[in-house]
Number of protein chains: 2
Amino acid sequence: MTRPFANALELLRAARLRPTRQRLALARLLFEKGDRHVAAEELHGEALAAQVPVSLATVYNTLHQFVGAGLLREVVINPGRSYFDTNVSDHHHFFYEDSGKLRDIPGDSIAVTNVPPPPDGGSIRRVDVVVRVEKAASKARS
Amino acid sequence: MTRPFANALELLRAARLRPTRQRLALARLLFEKGDRHVAAEELHGEALAAQVPVSLATVYNTLHQFVGAGLLREVVINPGRSYFDTNVSDHHHFFYEDSGKLRDIPGDSIAVTNVPPPPDGGSIRRVDVVVRVEKAASKARS
DNA sequence: AAAACAGATTATAATAGTTCTAGACTATTG
DNA sequence: CAATAGTCTAGAACTATTATAATCTGTTTT
């Protein structure tokens, strides 16, 4: 956290992606603010606001390259919009239906058990849990 | 299952939707073949193939009305395409990444435990589990 | 360090899925 | 059977995303 530029550079090197101006800037926007869930247009807006000249097409390209390199995870919850999650460790999500926001649930706080083997063959690559939350008095201890 | 038309009619009545030609036909296509996962365009194609004149706009309207009435459930897994699930009981899904197909997992065969309360308030409306399956020798007992 | 090359970036066009619109149609009601 | 409230339709519009083809930039070679 003391040498952010170096971190982004290492990240790209490890992913075997050329450290271009745009990729470095996007990497910094993505990974220097802790865990985030961003949509492509959102990130594009942030980049422009940060005086980084980058096209939307490049933002998409870069996000997909990062996903391919295991630096990001794509989260699909809403039809018509993908979110990219900077947390690639095993975890799940709360989805707030009214605001459209996501929030991580640590992987070890939820347990999914008794998943049967896929009936049509193949192997399990990942188990995604989405907890849909609706606005309502939380009504905790009933 | 002996009087399909009557079933579709009852369904629409219960949902307080006028039993129009189009809605009846779509209801029959959806609910007379057991549990299914259909996309809008798919259903539209089936309707046309079955000589039911219906526009794509009406298919979308109807699907959403059915979701609103609790007859269908919308499942979002792929960016850019929604599936509508005729099984509205508590259950989860296998998603076959290569074919894009969905398959139900009975709700009682999976257990999700220790879900923490939503940190930002609100109440849990539903917990969706998607088991992503990739094509590969299942390689069971390792 | 210049030249050459591979790869990246860009603006723009194209695409896919979905939603909107305004007018025509139809099931219900009196 | 006329009125009306709700439904259907073709087509346009919209949103997010992907493709294209030309230009540019980082790296490698000389």
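Start your tour by selecting Ser82(A): one of its backbone N or O atoms lies 2.8 Å from a phosphate oxygen of DNA strand D. Keep in mind as you go that this is a predicted model.

**Stop 1: around DNA strand D**

Stay with DNA strand D and move over to chain B. Select Thr20(B), where an N or O atom of the side chain is 2.5 Å from a phosphate oxygen of the strand. Then pick Thr58(B), whose side chain also has an N or O atom by a phosphate oxygen of DNA strand D, this time at 2.7 Å.

Now show everything around the strand. Which residues come nearest to DNA strand D? Of the 20 residues around it, they are Tyr60(A), Gly80(A), Arg81(A), Thr20(B) and Arg23(B). Color the strand by its parts, and look at the atoms that come within 4 Å of the protein: sugar and phosphate make up 79% of them.

Next, switch to a cartoon view to see where this surface comes from. In chain A, select α4 and β3 (81-85), and in chain B select α2 (21-31) and α4 (56-68); each of these supplies at least two residues. The largest share, 4 residues, belongs to α4(A). Coloring the surface near DNA strand D by class gives you 7 nonpolar, 7 polar and 6 charged residues.

**Stop 2: around DNA strand C**

Turn to the other strand on our route and select Arg23(A). An N or O atom in its side chain is 2.6 Å from a phosphate oxygen of DNA strand C. On chain B, try Arg21(B), where the matching distance from a side-chain N or O atom to a phosphate oxygen of DNA strand C is 3.5 Å. Gly80(B) offers a backbone N or O atom instead, 3.2 Å from a sugar or linking oxygen of DNA strand C.

Which elements should you highlight here, each giving two or more residues to the surface near DNA strand C? Choose α2 and α4 of chain A, together with α4 and β3 (81-85) of chain B. The largest share comes from α4(B), with 4 residues.

Widen the selection and you will find 20 residues surrounding DNA strand C, the closest being Thr20(A), Arg23(A), Tyr60(B), Gly80(B) and Arg81(B). Sugar and phosphate account for 81% of the strand's atoms that come within 4 Å of the protein. By class, this surface has 7 nonpolar, 7 polar and 6 charged residues.

**Stop 3: chain A as a whole**

Hide the DNA and show chain A alone. How many helices and strands can you find in chain A? There are 4 helices and 7 strands. Follow the chain from the N terminus and the order is α-α-β-α-α-β-β-β-β-β-β. Its C-alpha atoms fill a box of roughly 50 × 40 × 35 Å along the principal axes.

**Stop 4: helices that cross**

Two packed helices are described by the angle and the distance between their axes. Select α2 (residues 21-31) and α3 of chain A: their axes come within 10 Å and cross at roughly 110°. That makes α2(A) roughly perpendicular to α3(A), and the crossing is right-handed. Show the side chains of Leu26(A), Leu29(A) and Leu30(A) on α2(A), which meet Leu43(A), Glu46(A) and Ala47(A) on α3(A). This contact has 5 nonpolar residues, no polar ones and 1 charged.

Finish with α3 (residues 40-49) and α4 (residues 56-68) of chain A, whose axes come within 9 Å and cross at roughly 120°. These helices are therefore oblique to each other. Among the residues making the contact are Leu43(A) and His44(A) of α3(A), and Val59(A) and Tyr60(A) of α4(A).

Definitions and conventions
Residues are numbered from 1 along each chain as its sequence is written. Chains are lettered from A and ligands numbered from 1 in the order in which they are written. This is a predicted model: local features need pLDDT of at least 70, side-chain atom pairs count only at pLDDT 80 or more; totals for chains, interfaces and linings use all residues. Side-chain values use heavy atoms; hydrogens and water are left out. Axes are lines fitted to C-alpha atoms, for helices over the stretch in contact, and angles run from 0 to 180 degrees between N-to-C directions. Angles under 35 degrees count as roughly parallel, over 145 as roughly antiparallel, 65 to 115 as roughly perpendicular and the rest as oblique. Contact means heavy atoms within 4.5 Å. A residue is near a molecule or strand if one of its heavy atoms lies within 4 Å of it. A polar contact is a pair of N or O atoms within 3.5 Å; within protein, one must be able to donate a hydrogen and the other to accept it, and residues adjacent in sequence count only if both atoms are side-chain atoms. Ala, Val, Leu, Ile, Met, Phe, Trp, Tyr, Cys and Pro count as nonpolar, Asp, Glu, Lys and Arg as charged, and the others, Gly among them, as polar. A crossing is left-handed if the near helix is turned anticlockwise from the far one by less than a right angle, and right-handed if clockwise.
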